[in-house]
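Here is a short structural report on one protein chain. Please keep the sequence and the coordinates open while reading.

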Amino acid sequence: MTVVAAGSAAAAPAEGSPNATTVDGPAVTSTVERVGGSGTLRYDLTLAGLSEYERVKLVVGRDATVVEADGMATTRRDGRTWVRRAGDSATASVRIRTTTAATDRPTEGGEYFATESWLLGRVPLVELRWASAGERVERRRLFADGRTSSARATVSNRYVLVGDQRSVSVTAADGGIRIVSPVGTELGPDEDDLLPALGDAAERLDVGDRGDDVVLFALGSPARRGGESFPVHDEAWINTDSPLDDPNSVWLHEYVHTRQDFVLAADMRWFREASAEYYAARLAYEQGRIDRAVMEAHIDGAPTTAALTEPGSWDDPTVPYTKGARVLALVDRKVRLSTDGARSLEDVFRRLNEHDGPVTYGDFKDAVAAVAGHRMDGWLDRYVDGTAPVSSFYPGGPERQGLLAPLVQVVNGAGTGGVFFALSLFLSGVGSVPLYRYLDRTDPDDREDRSGRPV
């Protein structure tokens, strides 16, 4: 695991330095600049080597406006702008503008923020298409075939940060993790602790989707608390005040998101946040940043009757973070018990990453069965597809449910003798164990051998 720090060069002559792309098709050089102190970004593209191709065009998405085109002609269709080569010129230039409305609430296109000195904006959708005589049309998306950076601009696939900035990075698990922040931004966790923690998380979380570089933009005010990620692009922004030694570490939570290479069907939407929430707490525990009691207390919580597979039944948008994370803690525990510790939820996670097409609830059940060595459909249907609550049995937790409810009522209402009797009865049976251990031993749907036959 290698840690590298790179400071900024504040005396850069331009807002964005040029980036030349020559892989496949015409060469494209691009720069990005902020227009004054506004939320507008200007992308200047220069295309070269056009005479080698019969046809060359750019397709610019709805989120950007073409304001100038030299050597190319523009037309608009279906909300997009088509920029075609005009004449026999070997070079052409195009200027594109995007306007980012800084917001403190999520939108379909994400959240973006601006101050006088820096702006986190959106990278426009720009596709280059070309064809030689008699050949088929080739295409590639600009700004998506490699991340570029300079002293005053970092252009990733989804986000662009413009303004004086610095970056630090760590290399681990066949990929790099880079933290980019505006100059003067203080990271909440110590840099010498944060980078190794992320590198360690990359090593520990063996769920596939390795080898790609991850970019984390660390932002201060006015960015809200928490963060936002785009897993398909392996990038996220995180509020710098977020702690690291915490079961709810946003640093670890958003990093887990960048390892999610799957597409989820509607009945598996819950898994994205549930897995990030569970593994953020678990990684913090495995790194020794929190103890087991803190991890369990974080995963614990008030039971809910929402069906995870039916988002319309969620009475609160945090259901995936609460019931979803608790269910995955149970699944992890049950898989480990079924395989004598040889496999875990990570193996299920990896199968979802490798799955072709949207992952459905049925695919999830199949993945659990393949990893555990036996079907768990009855249990999963009850707690994932059904409305059975995952209850809390931790001391001081919310109102108890199910088999232990009468016992708790006795304890709560009895005198000293009644309490002693109730506790003796309890300890002689199942002992003082967390919910996910208790269910492993008592759930009737789980009493089956590894071939799936009831026992």
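The report goes from the whole chain to its largest pocket, then to two helices and some backbone details.

**Overall chain**

This is a predicted model. The chain has 455 residues, and 51% of them count as buried. It holds 11 helices and 21 strands. Among contacts with a separation of 6 or more, 62% join residues 24 or more positions apart. The accessible surface is about 20300 Å². Carbon and sulfur atoms contribute 48% of that surface.

**Largest pocket**

The largest pocket encloses about 890 Å³ of space. Its lining counts 34 residues, and the closest to the centre are His 253, Glu 254, His 257, Glu 273 and Tyr 321. Four elements give two or more residues each to this lining: β20 (227–230), α2 (250–258), α3 (270–286) and α5. Which of them gives the most to the lining? That is α2, with four residues.

**Helix α5**

Helix α5 covers residues 319–338. Does its length look extended or shortened against expectation? Neither: at 1.5 Å a residue, its 20 residues should span 28 Å, and the end C-alpha atoms are 27 Å apart, so the two values agree. The helix still carries a kink of about 25°, centred on Ala 325. Most of α5 is covered, with 15 of its 20 residues buried.

The loop before this helix, between α4 (292–299) and α5, contains Ala 302. Ala 302 counts as exposed because its relative accessibility is 53%, and the cut-off for exposed is over 50%. Ala 302 also pairs in space with a distant part of the sequence: Pro 389 is 87 residues away along the chain, yet the C-alpha atoms are 9.0 Å apart.

**Helix α6**

Past α5, a loop leads to α6 (345–354). This helix is mostly covered too, with seven of its 10 residues buried. Which residues of α6 are buried? They are Leu 345, Glu 346, Asp 347, Val 348, Phe 349, Leu 352 and Asn 353. Charged side chains are thus named beside Leu, Val and Phe in that list. The buried residues pack against α1 (191–204), α2, α3, α5 and α7 (361–372). Two of these partners, α2 and α3, also give residues to the pocket lining.

**Backbone details**

Most residues other than glycine have a negative phi, and most peptide bonds are trans. Two aspartates and one proline bond are worth a look against that background.

| Residue | Phi | Loop | Relative accessible area |
|---|---|---|---|
| Asp 78 | near 55° | between β7 (72–77) and β8 (80–85) | 61% |
| Asp 340 | about 55° | between α5 and α6 (345–354) | 68% |

Asp 78 has a positive phi without being a glycine. Its relative accessible area of 61% makes it exposed. Asp 340 likewise has a positive phi and is not a glycine. It comes just after α5. Is Asp 340 buried or exposed? It is exposed, because its relative accessible area is 68%.

The peptide bond from Ser 221 to Pro 222 is cis, with omega near 15°. Pro 222 sits in the loop between β19 (214–219) and β20. The strand β20 is also one of the elements that line the largest pocket.

Notes: Residues numbered from 1 in each chain as written. Predicted model: local features only at pLDDT ≥ 70, side-chain atom pairs only at ≥ 80, totals over all residues. Heavy atoms only, no water. Expected span 1.5 Å × (residues − 1). Bend = angle between axes of the 7 residues up to and from the residue. Buried < 20%, exposed > 50% of the residue type's maximum accessible area, 1.4 Å probe, protein only. Contact = heavy atoms within 4.5 Å. Areas by Shrake-Rupley, 256 points an atom, 1.4 Å probe, with all protein chains shown as cover. 1 Å grid on protein atoms, 1.4 Å probe; cavity = no way out; pocket = protein on both sides within 12 Å on 5 of 7 lines; lining within 4 Å. Points joined across faces, edges and corners; volume = space filled by probe spheres on them.
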